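Here is a short set of exercises to work through with the model open beside you. Try each task before you read its solution.

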Amino acid sequence: MPAKGTKGKNRKQELINATLDCIANEGLQKTTVRNVAEYANVTNGLIRFYFSGKDELIRAAYSALLEIMYVNTRIEINDVDICAKTRLQHFIQATLSAPIVSPRTVLLWANFLPMTYIDPEMAAIRTNEYAKTTKILAPLISAALATENITVDHNECEILAIKINALIDGLWLEGSMAAYKFKDNELVNIGIDSASAILSISLENI
């Protein structure tokens, strides 16, 4: 028997998934409660049971997209039994691979982006998720450098995290919009080579 609240949680996630599908297929402007209800094959009333309206639904969908984009990057990064450089390598590999690198992900991200500059709550979601990425990257970088007996202070580590995050963002866009340019693992290897250059250490290619 499902745990108490599981059914409601699953239903809410289904509605969020339907919202993302609607945005990907029809754009943000045409993503209404009615259209999402049609994608989810439910009534408008059911959506309003879980969400106060379109604004809350869109914010939940944006949060879910960012979570989807970053969930795979957390694989093994906290496993202290794995070499620090390998953990950083895994982070780069995950962020430059499917499902993060895909035309659909970029399409959804591009639909949401303008709203993050006019809606304070959407802006807060974007800021919080970006901060999470920095919090993941900074200790990974510090630990990877430590394997080469290189010590950096907090501020320098933050700057390195920003540089590598910017590198990943650029390659993510390139890989998602022009996948035909890259052979198997080529995008990942470019990311690892470039991160190695930024950090002045060797991160072995996959």
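**Exercise 1. The overall fold**

How many helices and how many strands does the secondary structure of the protein chain come to?

Solution. Before counting, note that this is a predicted model, in which local features need pLDDT of at least 70, side-chain atom pairs count only at pLDDT 80 or more, and totals for chains, interfaces and linings use all residues. Residues are numbered from 1 along each chain as its sequence is written, and side-chain values use heavy atoms, with hydrogens and water left out.

Step 1: take the DSSP runs, numbered from the N terminus, where a helix (H or I) needs at least four residues and a strand (E) at least two. The count is nine helices and zero strands.
Step 2: look at the extent. The C-alpha trace spans about 60 × 40 × 35 Å along its principal axes.
Step 3: look at burial, where buried means under 20% relative accessible area, exposed over 50%, and partly exposed in between (1.4 Å probe, protein chains only). Of the 206 residues, 44% count as buried.

**Exercise 2. Two domains**

Find the domain bounds in the protein chain and describe how the domains meet.

Solution. Step 1: the bounds, which come from an automatic or database domain assignment, give domain 1 as 1-51 and domain 2 as 66-199.
Step 2: the C-alpha centres of the two domains lie 29 Å apart.
Step 3: count contacts, meaning heavy atoms within 4.5 Å. Six residues of domain 1 are in contact with seven residues of domain 2.

**Exercise 3. Helix α5**

Is α5 largely enclosed by the rest of the structure or largely open, and why?

Solution. Step 1: locate α5 at residues 84-95, twelve residues in total. From first C-alpha to last the helix reaches 17 Å, close to the 16 Å expected at 1.5 Å a residue; the expected span is 1.5 Å times one less than the number of residues.
Step 2: list the buried positions: Ala84, Lys85, Arg87, Leu88, Gln89, Phe91, Ile92, Ala94 and Thr95.
Step 3: because nine of the twelve residues are buried, α5 is largely enclosed by the rest of the structure.
Step 4: find the partners. The buried residues of α5 pack against α7 (120-146), α8 (154-177) and α9 (186-199).

**Exercise 4. Backbone exceptions**

Look for a cis peptide bond and for positive phi values outside glycine.

Solution. Step 1: recall the background. Most residues other than glycine have a negative phi, and most peptide bonds are trans.
Step 2: the bond from alanine 98 to proline 99 is cis, with omega near 5 degrees. Proline 99 sits in the loop between α5 and α6 (103-112).
Step 3: asparagine 185 has a positive phi of about 65 degrees. Asparagine 185 belongs to the loop between α8 and α9 and, at 41% relative accessibility, counts as partly exposed.
Step 4: serine 200, in the segment after α9, has phi near 60 degrees. With a relative accessible area of 63%, serine 200 is exposed.

**Exercise 5. The surroundings of threonine 105**

Which residues is threonine 105 in contact with, leaving aside its neighbours within four places in sequence?

Solution. Step 1: place threonine 105 in helix α6.
Step 2: check its burial; at 8% relative accessibility, threonine 105 counts as buried.
Step 3: beyond those sequence neighbours, the contacts of threonine 105 are Leu65, Met69, Pro99, Ile100 and Trp172. Pro99 is the residue that follows the cis bond in Exercise 4.
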